[in-house]
Amino acid sequence: MRFGERRVFNGVDVDLGAGGFLLVTGANGSGKTTLLRVLARLTAPSGGELELPERHAIGYLGHEPHVYRELSPLENLDLFGRLYRVPERRERVGMLLERFGLWDVRRERVGSFSRGMQQRLGLCRVLLHEPRLLVLDEPYNALDAAGGELLDGLLAEPGPARIVATHEPRRVERLALDRLVLA
Amino acid sequence: MTYAADVAALARKDLLLELRAKETLPAMLLFVLSTLTVFHFALPRGAGGLAALGLLWVAIVFTALLGLTRAFVAEREQGLLDALVLAPCDRSAIWLGKAVAVLAFLVAAELVALPAFAAFFAPVGARTIVAVVLADVGIATVGTLLGAMAVAGRARELLLPLLFLPLAIPIVVGGVGASAGGGSRYLAFLALYDAVFAVLSWASFEYVVAEA
Amino acid sequence: MDHVTRRLSENRGVASATAAVALLAASIGLIFFYAPDDTDQGFSQRIFYFHVPLALTSYVCFAWGAWKALRVLWKGDDEADLESYVAIHQGVIFGALTLVTGSLWARASWGVWWSWSEDQLVLFLVLFLFYCAYFMLRFSVEPGRARANMCAVYALFGVVLIPISFLAIRLSRKFIHPVVFTSHGPQMAGSQFLTFCVSLAGMIMLFVVLYHVELAGKRIDAHLRDLRELLA
């Protein structure tokens, strides 16, 4: 994969079935983010073949939680729920907010949240449309302890195929079925 | 039907964002008033209403630039385009929703600019008002697309004026011509500009924000 | 067979370069020795034989760039991005020359370095600004598919801007500036027309040659880069 003159990574083969769990590790700058973006249909690969689910069946969480700071969690999830055509939007939004401990603050401005809470909202957003493939780029980075536990729980339960990049693999190692190390 | 709903949801989002942040619109209003004031001092004695009219259009274009530079700030800072682009909705809905919101801001700015101009310099006729509305549509459509482009690069605030100004020249010609009594062909020209560039922007926005 | 095709393409390159040199030499000869003096402007009118072909060649460059841009968007053709860029690059160079010769012409004809009443010139200024911004855009974004797409969209906007700006400038002339004479009409004497055509052909040939040369150069750079990485 290259951007103009800069080759980011080369010769990566990924094969992930339904329910699979791929752990991507590597030092900073090894191209984890780029790889994940390619796998989330956000960046076009410069070569090779790609077979991915439809873009709306993918849930991507990058280094930012991708939520609007001036809106409330409810407004954010309502907007994304509409755009992603989520059925029974209200119920689903409520269920996710509750699960991630954001129900009480659902009407407050996201900008006033801690980084950990924003990241939790990001997780809600990513799960909102029940994607078949979850692509999470360093999800533990911004999470607080409680959030980390919630994410552990989420990753442990069966569900969509998932690709998680982290530079602290110890946490999810036992769950991962596959591992890819980028040099 | 869902396309319209998407556009409405997105436009509502943009208007809400501005309502809460209260950054861009007040800045635009203040900017337009300050600019008109500067123009008073910049015009030589006896310059006449026509020269002032030209400056009105300069003020409109540069105030618009101020607003456009802020248009995609939220999306850029929080990486939101990644989330929006993966949605099943048509990507052009993002453009249209944003353009509608930008148009609303421009109209709001003009609601201050035109009366101020009428008070400072010369009365403003119906032709001028129609021209301003048509021009705002053109600015909103083209500017929103260019704003998305500028935001993807490194030199954002520098880049947008450079991309936008050449495209704004026809708007200024149409606007000045119409407001200075040049006949309805200038209004027709503005309408043509709007139609052509709206279609072009609508069709090409997808390629500006999404890669894969 | 491979070396045969290579020979053929080399020969084609040489052939077009020869043609360009021949045409340009011929046109210079015609411009200075064959074409008659203009009744209004005298000798200095000959700049017209450079200026207008340069302008038309620029249009050809931008149109070609836009065509390649369309291929980038429509077919996802990555090669076309480079081709579009090179064409627009050439277009800006020819455009700059157009502006310079236009300015010289204005100086020679009316004693001023710039004339707002020359539609062609003003249109070129607007386009020149527009396409210079193309380069600012290009160098501000990371290379890759995203950049290719954005530049392609911008190039298409440029091509649409050409007629719209032209209309705008026509409209503004009637209104803002008094109408001044234009010294070149469609009626040219036979000898003038011949000179003009040869010059135009020469310029276009020059564009073709430069286009291929620059394209080849950039492609070789890319190959070198690939090879270096394979070896590394």
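## Strand β3 of chain A, the A–B contact and helical chain C

In chain A, β3 and strand β7 (residues 178-182) run parallel and are joined by 5 bridges. Keep in mind that this is a predicted model. Looking at single residues in that pairing, you'll find L23(A) standing opposite R179(A) of β7(A).

β3(A) covers residues 21-26, and it also pairs with β6(A), residues 161-165, again in the parallel sense. Here the count is 4 bridges. One position to check by eye is V24(A), whose bridge partner in β6(A) is A165(A). Here are the two pairings of β3(A) side by side:

| Partner strand | Residues of partner | Sense | Bridges | Residue pair |
|---|---|---|---|---|
| β6(A) | 161-165 | parallel | 4 bridges | V24(A) and A165(A) |
| β7(A) | 178-182 | parallel | 5 bridges | L23(A) and R179(A) |

Now for the contact between chains A and B. Chain A brings 23 residues to it and chain B brings 21. On the chain A side, β4 (58-61) and α2 (73-83) each supply at least two residues. α2(A) gives the most, with 4 residues. Sorted by character, the chain A residues that touch chain B come out as 11 nonpolar, 8 charged and 4 polar.

What about chain C? There you'll see 6 helices and 0 strands, so to speak an α-α-α-α-α-α pattern when read along the sequence. Chain C has 232 residues, and 41% of them count as buried. As for its contacts between residues at least 6 apart in sequence, 77% join residues at least 24 apart.

How values were computed. Residues are numbered from 1 along each chain as its sequence is written. Chains are lettered from A and ligands numbered from 1 in the order in which they are written. This is a predicted model: local features need pLDDT of at least 70, side-chain atom pairs count only at pLDDT 80 or more; totals for chains, interfaces and linings use all residues. Two strands pair if DSSP finds at least two bridges between them. Two residues are in contact if their C-beta atoms, placed from the backbone, lie within 7 Å. Ala, Val, Leu, Ile, Met, Phe, Trp, Tyr, Cys and Pro count as nonpolar, Asp, Glu, Lys and Arg as charged, and the others, Gly among them, as polar. A residue is buried if 20 or more other C-beta atoms lie within 10 Å of its own, exposed if 12 or fewer, and partly exposed in between; C-beta atoms are placed from the backbone.
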